[in-house]
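Me: I would like to go through this structure by question and answer. Please reason briefly before giving each value or name.

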Amino acid sequence: MEIKRNVLLNPGPSTTTDTVKLAQVVPDICPREKEFAELMRTLRKDLLKIVHADPEKYTSVLFCGSGTINIDVCINSLLPAGKKILIINNGAYSTRAAEVCEYYGLPFINLKFPVDERPDLAKVEQVLKENPDIALVHTTHNETGTGILNPIREIGALVHKYGAVFTVDTTSTLAMVPIDIEKDNVDFCMASAQKGLMAMTGLSFIIGNKAIVEQSKDYPKRSYYCNLYLQYDFFERTGEMHFTPPVQTVYAAVQGLKEYFAEGEQAKWARHTRVFNAINEGLDRLGFRQVIKPEWRAGLVSSAIYPDDANWSFEKVHDYCYERGFTIYPGKISTTNTFRLCALGAIDEQDIRDFFVVFEEALKATGVTVPVKYNA
Ligand SMILES: *Cc1c(COP(=O)(O)O)cnc(C)c1O
């Protein structure tokens, strides 16, 4: 079977291998069969290995949904009665977590920092000290909206010093940036199958501390479909997802995981780094400025600022590239007009060189001056 290969430079879903795509073509199976439960049991165990989690202490729980379901589940399930949540917020994805708190009517502190800066740890500690009722702290590892990497190990050390639980949105780092759940002081991390695992959309998972999940059995139940303990307990007792799993997506995730281990943690991260460096070189050569300073970049997302050129049109450049098999993506910052180029997926530096040939053509074809210009 010939499948057209597109190079996706958007922040997920990412370019997949044909073997992952084809892993979905399987005989029909009822997911309540033992064979399928066995597949998920192995998948849950293997997911722990990505973050070097000790299976005695950690568990993984699968959900049917995009990555946002993990944020929803963690926030609504892990807050004891009478306690408060702290969101350390320097971007769009932590803002999403704050919105989850609002929707559930949960007491929370939205500790905001500029989107192009790392959180100030002294301020984080001050808030923890002044609010002993904070039981849950949440932040984002790689703020995919800008590409800034947050210092989770340092934040986690503070969170634990003040006796709270630390949940981290690692959707855009897990299975790319090496993570060690225990050394990084993380109690719960999360991702969806279509990002670092380079599999399909529709399957998400949370990896976290088993004892805390079991404790949460007695916390207020705020959602029926999205409760962490209920899903965990059902998996432990039956091996199955509480409700119908995304069957074919699970097969693709199993294949993605197999390819992840075959490539290897370090080799895969080295490849993403090669791709990221090639993106930055290309942007630099064309004169583009970026939002996040180099030493703070997570190494996966470049946020380039729109040039000051009357002919610049993101849509036109996007369409030109899209027609030639390359997808670029708008930014997610309210104050600056940006677009993003991401190093996720089954791509390598040659794909980026090929992309920049097309991208430069697109600029010239639409009348944008190259190298691009900025007024100030
Ligand atoms: C992609 C992503 C998500 C999930 O977004 P969905 O639209 O639900 O797939 C959550 N957090 C981060 C940091 C992400 O990059």
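**A buried arginine and the ligand site**

Reply: We may begin with R44, which is found in helix α2, spanning residues 34-50. Please keep in mind that this is a predicted model.

Me: Is R44 buried or exposed, and what is its relative accessible area?

Reply: Buried means under 20% relative accessible area. R44 falls under that cut-off, so it is buried, and its relative accessible area is 9%.

Me: Which residue has its backbone oxygen 2.6 Å from a polar atom of the side chain of R44?

Reply: Leaving aside neighbours within four places in sequence, R44 is in contact with T59, S60, L62, Y232, F235 and E236. The residue whose backbone oxygen lies 2.6 Å from a polar side-chain atom of R44 is S60.

Me: How do the residues of the shell around the ligand divide, and how many are charged?

Reply: There are 13 residues around the ligand, and S66, T68, T144, D169 and K195 come nearest. The shell has 1 nonpolar and 9 polar residues, and the number of charged ones is 3.

Me: Which residue has a side-chain N or O atom 2.6 Å from a nitrogen atom of the ligand?

Reply: Oxygen atoms of the ligand have partners too: a backbone N or O atom of G67 lies 3.3 Å from one, and a polar side-chain atom of R96 lies 3.3 Å from an oxygen atom of the ligand. For the nitrogen atom at 2.6 Å, the residue is D169.

Me: What percentage of the accessible area that the ligand has on its own does the protein cover?

Reply: On its own, the ligand has 380 Å² of accessible area. Of this area, the protein covers 86%.

Definitions and conventions:
Residues are numbered from 1 along each chain as its sequence is written. This is a predicted model: local features need pLDDT of at least 70, side-chain atom pairs count only at pLDDT 80 or more; totals for chains, interfaces and linings use all residues. Side-chain values use heavy atoms; hydrogens and water are left out. A residue is near a molecule or strand if one of its heavy atoms lies within 4 Å of it. A polar contact is a pair of N or O atoms within 3.5 Å; within protein, one must be able to donate a hydrogen and the other to accept it, and residues adjacent in sequence count only if both atoms are side-chain atoms. Accessible areas come from the Shrake-Rupley method with a 1.4 Å probe; for residues, only the protein chains shown count as cover. Ala, Val, Leu, Ile, Met, Phe, Trp, Tyr, Cys and Pro count as nonpolar, Asp, Glu, Lys and Arg as charged, and the others, Gly among them, as polar. Helices (H or I, at least four residues) and strands (E, at least two) are DSSP runs, numbered from the N terminus. Buried means under 20% relative accessible area, exposed over 50%, partly exposed in between (1.4 Å probe, protein chains only). Contact means heavy atoms within 4.5 Å.
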